[in-house]
Amino acid sequence: MAAPGARGSSLAGLLPAQTSLEYALLDAVTQEEKDSLVYQYLQKVDGWEQDLSVPEFPEGLEWLNTEEPISVYKDLCGKVVILDFFTYCCINCIHLLPDLHALEHTYSDKDGLLIVGVHSAKFPNEKVLDNIKSAVLRYNITHPVVNDADASLWQELEVSCWPTLVILGPRGNMLFSLIGEGHKDKLFLYTSIALKYYKDRGQIRNHKIEIKLYKDSLPPSPLLFPGKVTVDHVSNRLVIADTGHHRILVVLKNGQIQYSIGGPNPGRKDGVFSESTFNSPQGVAIRNNIIYVADTENHLIRKIDLEAEMVSTVAGIGIQGTDKEGGAKGEEQPISSPWDVVLGTSGSEVQRDDILWIAMAGTHQIWALLLDSGRLPKKNELQKGTCLRFAGSGNEENRNNAYPHKAGFAQPSGLSLASEEPWRCLFVADSESSTVRAVSLRDGAVRHLVGGERDPMNLFAYGDVDGVGIDAKLQHPLGVTWDKKRNLLYVADSYNHKIKVVDPKTKNCTTLAGTGDASNVITSSFTESTFNEPGGLCIGENGQLLYVADTNNHQIKVMDLETKTISVLPVFRPENAVVDGPFLGEKQKTLPKLPKSAPNIQLPPVAASPGQTLQFKLRLDLPSGTKLTEGVPSCWFLTAEGNEWLLQGQIPSGVIESISSQPAISLQIPGDCLSLEAILSISVFLYYCSTDSNACMMKGIMFSQPLQITSAQPGCIAPVELNDVMLSGARVNRRSFGTTVRTGPHDQLKRCVIRVVIKARMYLY
């Protein structure tokens, strides 16, 4: 069906009629009156001489969750369609998603309803399809999403704010628009009556729109979009918000999981660990076996007691709040999308961690939860359990002010405490203003540190520029952590895919790690390694290690600030090894995945005959001062992509238990060869720690052995020496590949052995 002539395609054309409807709805008392008013409105709009038609989706746009691009006037003909104009960083857009999920559970495409997300980016980073894919997974978006990177549809309709919903009739005719969040009742009212109205007229079709969920193509992973990480300095453990799995992990420094609380599905339940659930948790803080959690999409602060193995709620009521003042007891106080938490001390001179500071992203404020009776700056004595605003007016602004309640934040998403003099402040990663700010703990004054610009209303002053103060530019930073050893602040500059460092004394901001590319490369250099929207970070080991929640890479990266090396924390259960990907299952063994940075060593070709046995002898050395990680099996495995027949009946994998006694890997060439040429790959994973176990690492390496299958009896092959080869940040030194063949009568070929000795020394930088 061709698009009908448009009566002007901007939303302004709906405004007069819809405004009259909404005034009339204010006076309606019963649901029947409201339904009748909307029905009459649709009769009026549907009777216009020309439809107010939405433009067709431009050709060439990228789509997610669909088999192929969707056309308004072909595929969506006969449907009531909701266009959700959103950008994935926006907290208001995130708040709207539960309403859309509820609507999708009520009406399906067979009922005549379809929701289409129109992603119209605010930040340059949000125009990249892979980043939108990650957001679609994080927020469990299951309807089609189109990447309108140039905002062409946004501009044609003259959309002005995120989020905006546009409800279409079955001819692509615009019926309603809803701007901002908090319109769930109107959304359901308008949608239900539109479906009824057009069903009464026989214009609704129940044809199915082919949905292909992006999430269905992904393998299982030990971490899924980890948002935040913190260190327990007392017990030498890490706490990870495994946000995409809706759980909290407590892990040892070698990556072994000690506790897994919640998940894998979202929920809101207190109680014992085995029954408790979370919904996209973010910030975590730990003290004396008690973990406090920003349970973001439940709008709660949760408390995990590791000794009692119980979860309870200490703030929030489980529904998004709009209160911007607070003051009630925590479990009675509505709150909105807490994103980070950090423990601190009230006015008492004694350091006792009696306040939980909260980055309340949903109301653009900094709040406090009193864990004991105490006093906030410029406040009277407050009772234990009180939850209230500390700084921020609630307006979304980049406004600094000596009076904390007159200052303005824009989706604060990261907190760190510098309690010592002369700092005595909270550092805030203010994501939507692309700034880092400081809130004084003496008087609550809010001041600028780096990023943004002077106009408090300009939330588009972003970039990627090292510099001083306002001349430095960030892009949607989500995390900060204070290094009191060096008096430096580390920043997760999330949408620039970098880790930056700020000197709060000089306001100088420089890049510490990351190239700016959204990828997963680990090399010997901080500045050559890459991240993908890192969301949180923390300091451990007395300032030696910086742990980074590399969110879209589904990893915790470990940066050694003294040796300038970087590695991946291998998160695993006690019985399972994990390498950057799937767990090794009990029934069906899934091969680990080599990191992209792993070297691939090309061995010289070897000629072999059917029935002969190849033997690979590993000679792998660790860096000095390190040892294999106890409880984590280092391993090897064989693959032969495209020539899997080569591995039939073989032993394809094994464990490396000791560096001093490494295994010999044998492979017998099958009697019936399906190809005369093949490449055998030997992948090796080594998990190792420093001898004091302060830092644990994993390195992978692949050896590719070309095989030439011949019916002739092969002769001897001279050894090949390779020296001082540098590959992908791992230095592989003194590798000798000696190949020898014991020949004999033709009927004894099955006893012939080809030995390949692999020697490698791996250095970290």
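**Exercise 1. Determine which residue forms a salt bridge with D550, and whether the two partners are buried or exposed.**

Step 1. In this predicted model, the partner of D550 is K557, and the closest N and O atoms of the pair are 2.4 Å apart. A salt bridge here is a side-chain nitrogen of Lys or Arg within 4 Å of a carboxyl oxygen of Asp or Glu.

Step 2. D550 has a relative accessible area of 0% and is buried; K557 is likewise buried, at 0%. The classes are buried under 20% relative accessible area, exposed over 50%, and partly exposed in between, with a 1.4 Å probe and protein chains only.

Step 3. Elsewhere, D464, D493, K498 and K500 are joined into one network by salt bridges that share partners.

The model is predicted, so that local features need pLDDT of at least 70 and side-chain atom pairs count only at pLDDT 80 or more, while totals for chains, interfaces and linings use all residues. Residues are numbered from 1 along each chain as its sequence is written, and side-chain values use heavy atoms, with hydrogens and water left out.

**Exercise 2. State how many salt bridges a search of the whole structure finds, and describe the pairs formed by R237 and R486.**

Step 1. The search finds 24 salt bridges.

Step 2. R237 pairs with D232, with 3.3 Å between the closest N and O atoms. R237 counts as buried at 6% relative accessibility, and D232 counts as buried at 6%.

Step 3. R486 pairs with D483, the closest N and O atoms lying 2.6 Å apart. R486 is partly exposed, with a relative accessible area of 27%, whereas D483 counts as buried at 1%.

**Exercise 3. Give the strand order of the open sheet that contains β8, and identify its edge strands.**

Step 1. The order is β7-β8-β9-β10, an open sheet of four strands with antiparallel pairing. Strands (E, at least two residues) and helices (H or I, at least four residues) are DSSP runs numbered from the N terminus, and two strands pair if DSSP finds at least two bridges between them.

Step 2. β7 (228-232) and β10 (257-262) are the edge strands, each pairing on one side only. From one strand to the next, the twist averages 15°.

Step 3. Strand β8 (residues 237-242) pairs with strand β9 (residues 247-252) in the antiparallel sense over six bridges. For D242, the bridge partner in β9 is R247.

**Exercise 4. Carry out the corresponding analysis for the sheet that contains β25.**

Step 1. This open sheet has four strands in the order β23-β24-β25-β26, with antiparallel pairing.

Step 2. β23 (412-418) and β26 (446-451) stand at the edges; each has a single partner strand, so one side of each lacks a neighbour in the sheet. On average, neighbouring strands of this sheet are turned by 25° against each other, direction ignored.

Step 3. Strand β25 (residues 435-440) runs antiparallel to β26 and is joined to β26 by five bridges. V439 has V446 as its bridge partner in β26.

**Exercise 5. Describe the surroundings of strand β12 and its pairing with β13.**

Step 1. Of the seven residues of strand β12 (residues 281-287), six are buried, so β12 is largely enclosed by the rest of the structure.

Step 2. Five bridges pair β12 with strand β13 (residues 290-295) in the antiparallel sense. One of the bridge pairs links P281 to D295 in β13.

Step 3. The two strands form a hairpin with two residues between them, and N288 in the turn has a positive phi of about 50°.

**Exercise 6. Locate P144 and identify what P144 is in contact with.**

Step 1. P144 lies in the loop between α4 (129-138) and β4 (145-147).

Step 2. P144 is buried, with a relative accessible area of 0%.

Step 3. N65 is 79 residues apart from P144 along the chain, yet their C-alpha atoms are separated by 4.9 Å.

Step 4. With neighbours within four places in sequence left aside, P144 is in contact (heavy atoms within 4.5 Å) with residues including W63, N65, I70, V116 and I211.

Technical notes. Axes are lines fitted to C-alpha atoms, for helices over the stretch in contact, and angles run from 0 to 180 degrees between N-to-C directions.
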